[in-house]
Amino acid sequence: MKIAIFEAEDWEEQACASLEGRHAVRCTRAALSGATVGDFADAEVVSPFITSRLDADVIDQLPALRLIATRSAGYDHIDLSACRRRGIAISNVPDYGDATVAEHAFALLLALARNIVDSVEQTRRGGFSMARVRGFELRDKVLAVIGTGRIGRRAIEIGNGFGMRVLAYDRQEDAEAAARLNFEYGGLHAVLARADVVTLHVPSSPSTIGLIGEPEFGAMKDGVILINTARGNVVDTEALVRALAMGKVRAAGLDVLPHEPLIREEAEIFRRQTPLAASDLQGLVANHVLLRFPNVLVTPHNAYNTDAALRRIIATTLANIEAFAEGRPANIVTAG
Ligand code: NAI
(Lines give C-alpha, C1' and ligand atoms only; values in the text may rest on other atoms or scores of the structure.)
Protein backbone atom coordinates (compact mmCIF):
# COMPACT_ATOMS: atom_id res chain seq x y z
CA MET A 1 0.00 0.00 0.00
CA LYS A 2 1.04 3.61 -0.49
CA ILE A 3 1.27 5.11 2.97
CA ALA A 4 1.79 8.77 3.91
CA ILE A 5 2.71 9.57 7.52
CA PHE A 6 2.08 13.20 8.49
CA GLU A 7 3.49 15.30 11.36
CA ALA A 8 6.27 12.71 11.72
CA GLU A 9 9.27 13.43 13.93
CA ASP A 10 12.62 11.80 13.06
CA TRP A 11 12.20 8.93 15.55
CA GLU A 12 8.71 8.20 14.17
CA GLU A 13 10.13 8.13 10.66
CA GLN A 14 12.70 5.56 11.83
CA ALA A 15 9.94 3.48 13.45
CA CYS A 16 7.93 3.56 10.20
CA ALA A 17 10.88 2.05 8.32
CA SER A 18 9.57 -1.32 9.58
CA LEU A 19 6.72 -0.98 7.03
CA GLU A 20 9.10 -0.66 4.08
CA GLY A 21 9.52 -3.64 1.81
CA ARG A 22 5.85 -4.52 2.11
CA HIS A 23 4.62 -0.93 1.57
CA ALA A 24 5.73 2.35 -0.02
CA VAL A 25 6.06 4.79 2.88
CA ARG A 26 6.50 8.57 2.76
CA CYS A 27 6.95 10.57 5.94
CA THR A 28 6.61 14.32 6.24
CA ARG A 29 6.83 16.80 9.09
CA ALA A 30 3.91 18.69 7.53
CA ALA A 31 0.33 18.28 8.72
CA LEU A 32 -2.26 17.01 6.24
CA SER A 33 -4.37 19.94 5.09
CA GLY A 34 -5.70 21.60 1.97
CA ALA A 35 -2.24 23.12 1.49
CA THR A 36 -0.31 19.79 1.57
CA VAL A 37 -2.75 17.15 0.29
CA GLY A 38 -1.80 17.74 -3.39
CA ASP A 39 1.61 16.07 -2.87
CA PHE A 40 0.03 12.86 -1.55
CA ALA A 41 -2.86 12.36 -3.99
CA ASP A 42 -2.00 8.66 -4.57
CA ALA A 43 -1.96 7.69 -0.86
CA GLU A 44 -4.04 4.64 0.10
CA VAL A 45 -3.31 5.10 3.80
CA VAL A 46 -2.70 8.38 5.59
CA SER A 47 -1.57 8.59 9.19
CA PRO A 48 -2.21 12.04 10.64
CA PHE A 49 -1.62 13.36 14.13
CA ILE A 50 -3.84 15.94 15.82
CA THR A 51 -2.80 19.07 13.90
CA SER A 52 -3.94 17.65 10.55
CA ARG A 53 -7.42 18.53 9.37
CA LEU A 54 -9.18 15.83 7.35
CA ASP A 55 -12.26 17.69 6.21
CA ALA A 56 -14.39 16.61 3.24
CA ASP A 57 -12.42 18.81 0.87
CA VAL A 58 -9.08 17.18 1.81
CA ILE A 59 -10.58 13.67 1.69
CA ASP A 60 -12.00 14.40 -1.80
CA GLN A 61 -8.45 15.06 -3.00
CA LEU A 62 -7.31 11.56 -1.94
CA PRO A 63 -9.14 9.33 -4.46
CA ALA A 64 -7.18 6.15 -3.57
CA LEU A 65 -7.63 6.54 0.18
CA ARG A 66 -8.75 3.37 2.05
CA LEU A 67 -7.57 3.93 5.63
CA ILE A 68 -6.96 6.88 7.92
CA ALA A 69 -4.74 5.57 10.73
CA THR A 70 -4.87 8.49 13.14
CA ARG A 71 -2.14 8.55 15.78
CA SER A 72 -4.55 9.76 18.44
CA ALA A 73 -7.44 8.58 20.58
CA GLY A 74 -9.75 11.42 19.47
CA TYR A 75 -10.92 11.62 15.86
CA ASP A 76 -12.77 14.91 15.81
CA HIS A 77 -10.22 16.23 13.26
CA ILE A 78 -11.66 13.79 10.69
CA ASP A 79 -14.92 14.26 8.78
CA LEU A 80 -16.59 10.96 9.67
CA SER A 81 -19.51 11.30 7.25
CA ALA A 82 -17.19 12.06 4.31
CA CYS A 83 -15.30 8.83 5.19
CA ARG A 84 -18.52 6.87 5.52
CA ARG A 85 -19.70 8.05 2.08
CA ARG A 86 -16.44 6.89 0.49
CA GLY A 87 -16.10 3.66 2.53
CA ILE A 88 -12.82 4.86 4.04
CA ALA A 89 -11.94 3.10 7.30
CA ILE A 90 -10.56 5.02 10.28
CA SER A 91 -8.38 3.43 12.94
CA ASN A 92 -7.29 5.15 16.15
CA VAL A 93 -5.16 4.46 19.21
CA PRO A 94 -7.81 4.16 21.88
CA ASP A 95 -5.65 3.16 24.80
CA TYR A 96 -2.20 4.68 24.97
CA GLY A 97 -2.21 7.31 27.60
CA ASP A 98 -4.78 7.14 30.38
CA ALA A 99 -2.06 7.82 32.96
CA THR A 100 -0.24 10.33 30.74
CA VAL A 101 -3.34 12.48 30.20
CA ALA A 102 -4.78 12.16 33.72
CA GLU A 103 -1.40 13.09 35.20
CA HIS A 104 -1.36 16.22 33.03
CA ALA A 105 -4.81 17.16 34.31
CA PHE A 106 -3.38 16.95 37.85
CA ALA A 107 -0.23 18.83 36.79
CA LEU A 108 -2.54 21.69 35.77
CA LEU A 109 -4.60 21.34 38.95
CA LEU A 110 -1.57 21.34 41.27
CA ALA A 111 -0.01 24.23 39.37
CA LEU A 112 -3.21 26.23 39.98
CA ALA A 113 -3.65 25.05 43.58
CA ARG A 114 -0.09 26.07 44.54
CA ASN A 115 0.43 29.00 42.10
CA ILE A 116 3.47 27.22 40.72
CA VAL A 117 3.88 29.38 37.61
CA ASP A 118 3.74 32.66 39.56
CA SER A 119 5.98 31.26 42.29
CA VAL A 120 8.68 30.22 39.85
CA GLU A 121 8.48 33.50 37.92
CA GLN A 122 8.72 35.43 41.19
CA THR A 123 11.78 33.61 42.53
CA ARG A 124 13.49 33.90 39.13
CA ARG A 125 13.14 37.68 39.58
CA GLY A 126 14.59 37.38 43.10
CA GLY A 127 11.21 37.79 44.85
CA PHE A 128 10.39 35.68 47.91
CA SER A 129 6.97 37.06 48.95
CA MET A 130 4.59 34.34 50.22
CA ALA A 131 1.30 36.25 50.27
CA ARG A 132 0.76 36.41 46.52
CA VAL A 133 1.30 32.72 46.03
CA ARG A 134 -0.74 31.23 48.90
CA GLY A 135 -2.48 28.04 47.74
CA PHE A 136 -5.05 25.48 48.83
CA GLU A 137 -5.01 21.75 49.65
CA LEU A 138 -6.61 19.11 47.47
CA ARG A 139 -7.35 16.79 50.39
CA ASP A 140 -11.09 16.69 51.28
CA LYS A 141 -12.02 18.78 48.23
CA VAL A 142 -14.78 17.43 45.98
CA LEU A 143 -13.56 16.38 42.53
CA ALA A 144 -16.11 16.02 39.71
CA VAL A 145 -14.91 13.79 36.88
CA ILE A 146 -16.98 14.28 33.72
CA GLY A 147 -16.53 11.17 31.58
CA THR A 148 -15.48 7.96 33.33
CA GLY A 149 -13.76 6.19 30.44
CA ARG A 150 -10.08 5.25 30.46
CA ILE A 151 -8.66 8.69 31.31
CA GLY A 152 -11.50 9.67 33.64
CA ARG A 153 -11.04 6.47 35.67
CA ARG A 154 -7.31 7.14 36.05
CA ALA A 155 -8.15 10.72 37.16
CA ILE A 156 -10.50 9.21 39.76
CA GLU A 157 -7.70 7.01 41.11
CA ILE A 158 -5.33 9.98 41.32
CA GLY A 159 -8.01 12.13 42.98
CA ASN A 160 -8.57 9.42 45.58
CA GLY A 161 -4.81 9.28 46.10
CA PHE A 162 -4.90 12.94 47.09
CA GLY A 163 -7.71 12.26 49.55
CA MET A 164 -10.31 14.04 47.41
CA ARG A 165 -13.97 13.01 47.49
CA VAL A 166 -14.81 11.92 43.93
CA LEU A 167 -18.12 12.37 42.11
CA ALA A 168 -18.65 11.55 38.46
CA TYR A 169 -21.00 12.01 35.54
CA ASP A 170 -21.15 9.78 32.47
CA ARG A 171 -23.99 8.94 30.13
CA GLN A 172 -23.10 5.27 30.67
CA GLU A 173 -22.65 4.64 34.36
CA ASP A 174 -20.39 1.77 35.44
CA ALA A 175 -21.54 0.64 38.89
CA GLU A 176 -18.73 -1.91 39.21
CA ALA A 177 -16.09 0.82 38.57
CA ALA A 178 -17.84 3.14 41.03
CA ALA A 179 -17.64 0.51 43.79
CA ARG A 180 -14.08 -0.56 42.95
CA LEU A 181 -12.64 2.95 42.53
CA ASN A 182 -14.61 4.60 45.31
CA PHE A 183 -16.67 7.28 43.57
CA GLU A 184 -20.32 8.23 43.26
CA TYR A 185 -22.28 8.91 40.07
CA GLY A 186 -24.85 11.69 39.75
CA GLY A 187 -26.58 13.83 37.12
CA LEU A 188 -24.41 16.46 35.41
CA HIS A 189 -25.84 19.49 37.24
CA ALA A 190 -26.04 17.70 40.58
CA VAL A 191 -22.39 16.68 40.36
CA LEU A 192 -21.27 20.15 39.22
CA ALA A 193 -23.18 21.77 42.09
CA ARG A 194 -21.10 19.90 44.69
CA ALA A 195 -17.68 20.13 43.05
CA ASP A 196 -14.66 22.19 44.09
CA VAL A 197 -12.77 20.95 41.04
CA VAL A 198 -14.24 19.82 37.71
CA THR A 199 -12.12 17.80 35.28
CA LEU A 200 -13.37 16.93 31.79
CA HIS A 201 -12.70 13.56 30.12
CA VAL A 202 -15.43 13.13 27.48
CA PRO A 203 -14.64 12.98 23.77
CA SER A 204 -15.67 15.76 21.41
CA SER A 205 -18.84 14.64 19.64
CA PRO A 206 -22.19 16.16 18.71
CA SER A 207 -23.43 15.17 22.19
CA THR A 208 -20.58 16.86 24.07
CA ILE A 209 -19.94 20.05 22.09
CA GLY A 210 -20.78 22.88 24.52
CA LEU A 211 -21.52 20.33 27.30
CA ILE A 212 -20.14 22.86 29.78
CA GLY A 213 -21.96 26.09 28.93
CA GLU A 214 -23.82 28.92 30.66
CA PRO A 215 -26.34 26.66 32.52
CA GLU A 216 -23.57 24.34 33.72
CA PHE A 217 -21.42 27.23 35.00
CA GLY A 218 -24.61 28.48 36.65
CA ALA A 219 -24.96 25.14 38.45
CA MET A 220 -21.38 25.24 39.80
CA LYS A 221 -20.31 26.59 43.20
CA ASP A 222 -18.62 29.99 43.28
CA GLY A 223 -14.84 29.65 43.12
CA VAL A 224 -14.74 26.29 41.31
CA ILE A 225 -11.62 25.15 39.42
CA LEU A 226 -12.07 23.83 35.86
CA ILE A 227 -9.57 21.51 34.18
CA ASN A 228 -9.99 20.59 30.51
CA THR A 229 -7.68 18.06 28.88
CA ALA A 230 -10.49 16.62 26.70
CA ARG A 231 -11.28 18.88 23.72
CA GLY A 232 -11.73 22.64 23.53
CA ASN A 233 -15.22 22.61 22.12
CA VAL A 234 -16.61 20.63 25.08
CA VAL A 235 -16.57 23.98 26.89
CA ASP A 236 -18.41 27.08 25.65
CA THR A 237 -15.40 29.43 25.76
CA GLU A 238 -17.44 32.61 25.93
CA ALA A 239 -19.42 31.26 28.88
CA LEU A 240 -16.11 30.32 30.55
CA VAL A 241 -14.76 33.84 30.01
CA ARG A 242 -17.88 35.26 31.67
CA ALA A 243 -17.64 32.74 34.54
CA LEU A 244 -13.98 33.71 35.12
CA ALA A 245 -14.78 37.41 34.97
CA MET A 246 -17.54 36.95 37.59
CA GLY A 247 -15.36 34.82 39.88
CA LYS A 248 -17.68 31.83 39.47
CA VAL A 249 -14.63 29.98 38.14
CA ARG A 250 -11.65 30.75 40.37
CA ALA A 251 -9.09 29.34 37.96
CA ALA A 252 -8.90 27.15 34.88
CA GLY A 253 -6.27 24.77 33.52
CA LEU A 254 -6.77 24.16 29.82
CA ASP A 255 -4.74 21.85 27.61
CA VAL A 256 -7.19 22.25 24.77
CA LEU A 257 -8.96 25.22 23.20
CA PRO A 258 -11.51 25.41 20.43
CA HIS A 259 -10.09 26.73 17.14
CA GLU A 260 -6.63 25.35 18.02
CA PRO A 261 -5.48 25.18 14.37
CA LEU A 262 -6.30 28.88 13.94
CA ILE A 263 -4.41 29.84 17.07
CA ARG A 264 -1.40 27.75 16.05
CA GLU A 265 -1.23 29.24 12.60
CA GLU A 266 -2.61 32.71 13.04
CA ALA A 267 -0.61 34.00 10.08
CA GLU A 268 -2.68 31.61 7.95
CA ILE A 269 -5.73 33.76 8.61
CA PHE A 270 -4.26 36.54 6.50
CA ARG A 271 -3.27 34.18 3.68
CA ARG A 272 -6.72 32.60 3.38
CA GLN A 273 -8.66 33.00 0.15
CA THR A 274 -12.00 32.88 1.97
CA PRO A 275 -12.73 35.08 4.98
CA LEU A 276 -13.12 33.46 8.39
CA ALA A 277 -16.66 32.72 9.54
CA ALA A 278 -17.97 35.14 12.18
CA SER A 279 -18.17 32.26 14.69
CA ASP A 280 -14.47 31.42 14.13
CA LEU A 281 -13.52 35.06 14.67
CA GLN A 282 -15.62 35.24 17.83
CA GLY A 283 -14.01 32.03 19.09
CA LEU A 284 -10.52 33.37 18.39
CA VAL A 285 -11.22 36.55 20.32
CA ALA A 286 -12.59 34.52 23.26
CA ASN A 287 -9.42 32.37 23.21
CA HIS A 288 -7.23 35.48 23.30
CA VAL A 289 -9.16 36.84 26.26
CA LEU A 290 -8.69 33.47 28.01
CA LEU A 291 -4.96 33.44 27.35
CA ARG A 292 -4.66 36.80 29.15
CA PHE A 293 -6.43 35.82 32.40
CA PRO A 294 -3.76 35.48 35.13
CA ASN A 295 -5.75 32.64 36.72
CA VAL A 296 -5.89 30.57 33.53
CA LEU A 297 -3.08 28.19 32.60
CA VAL A 298 -3.05 27.03 29.01
CA THR A 299 -0.79 24.24 27.77
CA PRO A 300 -0.43 23.58 24.03
CA HIS A 301 -2.48 20.34 23.69
CA ASN A 302 0.38 18.59 25.40
CA ALA A 303 -1.36 16.16 27.75
CA TYR A 304 -0.54 13.13 25.56
CA ASN A 305 3.12 14.11 25.31
CA THR A 306 5.27 11.62 27.21
CA ASP A 307 7.86 9.26 25.77
CA ALA A 308 5.96 6.19 26.96
CA ALA A 309 2.66 7.33 25.41
CA LEU A 310 4.27 8.29 22.11
CA ARG A 311 5.99 4.92 21.83
CA ARG A 312 2.66 3.18 22.42
CA ILE A 313 0.97 5.42 19.82
CA ILE A 314 3.40 4.60 17.02
CA ALA A 315 3.49 0.86 17.86
CA THR A 316 -0.31 0.61 17.79
CA THR A 317 -0.57 2.71 14.61
CA LEU A 318 1.90 0.51 12.73
CA ALA A 319 0.01 -2.59 13.96
CA ASN A 320 -3.29 -0.98 12.83
CA ILE A 321 -1.88 -0.39 9.33
CA GLU A 322 -0.49 -3.93 9.02
CA ALA A 323 -3.73 -5.44 10.33
CA PHE A 324 -5.74 -3.48 7.75
CA ALA A 325 -3.35 -4.53 4.96
CA GLU A 326 -3.79 -8.17 6.01
CA GLY A 327 -7.59 -7.90 5.95
CA ARG A 328 -8.15 -8.09 9.72
CA PRO A 329 -8.71 -4.40 10.60
CA ALA A 330 -8.07 -3.41 14.23
CA ASN A 331 -9.11 -0.41 16.34
CA ILE A 332 -11.63 0.70 13.73
CA VAL A 333 -13.63 3.76 14.75
CA THR A 334 -17.33 3.02 14.61
CA ALA A 335 -18.86 5.81 16.72
CA GLY A 336 -20.29 8.95 15.17
P1 NAI B 1 -13.08 6.85 26.57
O2 NAI B 1 -13.80 6.56 25.30
O3 NAI B 1 -12.40 5.73 27.29
O4 NAI B 1 -14.07 7.56 27.62
C5 NAI B 1 -14.94 8.59 27.25
C6 NAI B 1 -16.11 8.56 28.24
O7 NAI B 1 -16.97 9.66 27.92
C8 NAI B 1 -16.97 7.29 28.14
O9 NAI B 1 -17.14 6.72 29.41
C10 NAI B 1 -18.30 7.78 27.55
O11 NAI B 1 -19.44 7.04 28.01
C12 NAI B 1 -18.32 9.22 28.03
N13 NAI B 1 -19.19 10.07 27.20
C14 NAI B 1 -19.20 10.18 25.86
N15 NAI B 1 -20.15 11.06 25.47
C16 NAI B 1 -20.74 11.50 26.60
C17 NAI B 1 -21.80 12.42 26.86
N18 NAI B 1 -22.44 13.06 25.87
N19 NAI B 1 -22.14 12.65 28.14
C20 NAI B 1 -21.52 12.00 29.15
N21 NAI B 1 -20.51 11.11 28.97
C22 NAI B 1 -20.13 10.88 27.71
O23 NAI B 1 -12.04 8.01 26.20
P24 NAI B 1 -10.68 8.36 26.94
O25 NAI B 1 -9.60 7.48 26.44
O26 NAI B 1 -10.92 8.44 28.40
O27 NAI B 1 -10.40 9.83 26.33
C28 NAI B 1 -11.30 10.89 26.53
C29 NAI B 1 -10.94 12.03 25.61
O30 NAI B 1 -9.71 12.64 26.04
C31 NAI B 1 -10.61 11.64 24.15
O32 NAI B 1 -11.78 11.44 23.38
C33 NAI B 1 -9.82 12.82 23.67
O34 NAI B 1 -10.67 13.80 23.10
C35 NAI B 1 -9.19 13.38 24.95
N36 NAI B 1 -7.74 13.20 24.91
C37 NAI B 1 -6.97 14.31 25.02
C38 NAI B 1 -5.60 14.21 24.95
C39 NAI B 1 -4.73 15.41 25.07
O40 NAI B 1 -3.54 15.36 24.71
N41 NAI B 1 -5.23 16.54 25.59
C42 NAI B 1 -4.94 12.92 24.71
C43 NAI B 1 -5.85 11.79 24.66
C44 NAI B 1 -7.20 11.95 24.75
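**View 1. Ile146 and Tyr169 mark a point where two neighbouring strands face each other in this predicted model.** Ile146 stands opposite Tyr169, a residue of strand S7. The two strands concerned are S6, which covers residues 142–146, and S7, which covers residues 165–169, and they pair in the parallel sense over five bridges. As background, the strands of a sheet pair through backbone hydrogen bonds, and the pairing can be either parallel or antiparallel.

**View 2. Seven strands form an open sheet with parallel pairing.** Read across the sheet, the order of the strands is S8-S7-S6-S9-S10-S11-S12. Strand S8 (184–185) and strand S12 (296–298) stand at the edges, and because each has a single partner strand, one side of each is left without a neighbour in the sheet.

**View 3. Helix H4 lies across several strands of the seven-stranded sheet.** Helix H4 is made up of residues 98–113, and the strands that H4 lies across are S6, S9 (197–200), S10 (224–228), S11 (249–254) and S12. With respect to strand S10, helix H4 runs at about 150°.

**View 4. The ligand is surrounded by 25 residues.** The closest of these residues are Arg150, Ile151, Asp170, Ser207 and Asp255. Sorted by class, the shell around the ligand contains eleven nonpolar, nine polar and five charged residues.

**View 5. Ile151, Ser207 and Arg231 each place an atom at a short listed distance from the ligand.** For Ile151, a backbone N or O atom lies 2.9 Å from an oxygen atom of the ligand, whereas for Ser207 a polar side-chain atom lies 2.8 Å from a nitrogen atom of the ligand. In the side chain of Arg231, an N or O atom is 3.4 Å from an oxygen atom of the ligand. On its own the ligand has 880 Å² of accessible area, and the protein covers 89% of that area.

**View 6. Five strands form another open sheet, again with parallel pairing.** Here the strand order is S2-S1-S3-S4-S5, and the edge strands are S2 (24–27) and S5 (89–91), each of which pairs on one side only. From one strand to the next, the twist averages 15°. Within this sheet, strand S3 (residues 45–47) and strand S4 (residues 67–69) pair in the parallel sense over two bridges, and Val46 stands opposite Ile68 in S4.

**View 7. Helix H14 lies across strands S1, S3, S4 and S5.** Helix H14 consists of residues 307–325, and H14 runs at about 165° to strand S4.

Methods: Residues are numbered from 1 along each chain as its sequence is written. This is a predicted model: local features need pLDDT of at least 70, side-chain atom pairs count only at pLDDT 80 or more; totals for chains, interfaces and linings use all residues. Side-chain values use heavy atoms; hydrogens and water are left out. Two strands pair if DSSP finds at least two bridges between them. Helices (H or I, at least four residues) and strands (E, at least two) are DSSP runs, numbered from the N terminus. Contact means heavy atoms within 4.5 Å. Axes are lines fitted to C-alpha atoms, for helices over the stretch in contact, and angles run from 0 to 180 degrees between N-to-C directions. A residue is near a molecule or strand if one of its heavy atoms lies within 4 Å of it. A polar contact is a pair of N or O atoms within 3.5 Å; within protein, one must be able to donate a hydrogen and the other to accept it, and residues adjacent in sequence count only if both atoms are side-chain atoms. Accessible areas come from the Shrake-Rupley method with a 1.4 Å probe; for residues, only the protein chains shown count as cover. Ala, Val, Leu, Ile, Met, Phe, Trp, Tyr, Cys and Pro count as nonpolar, Asp, Glu, Lys and Arg as charged, and the others, Gly among them, as polar.
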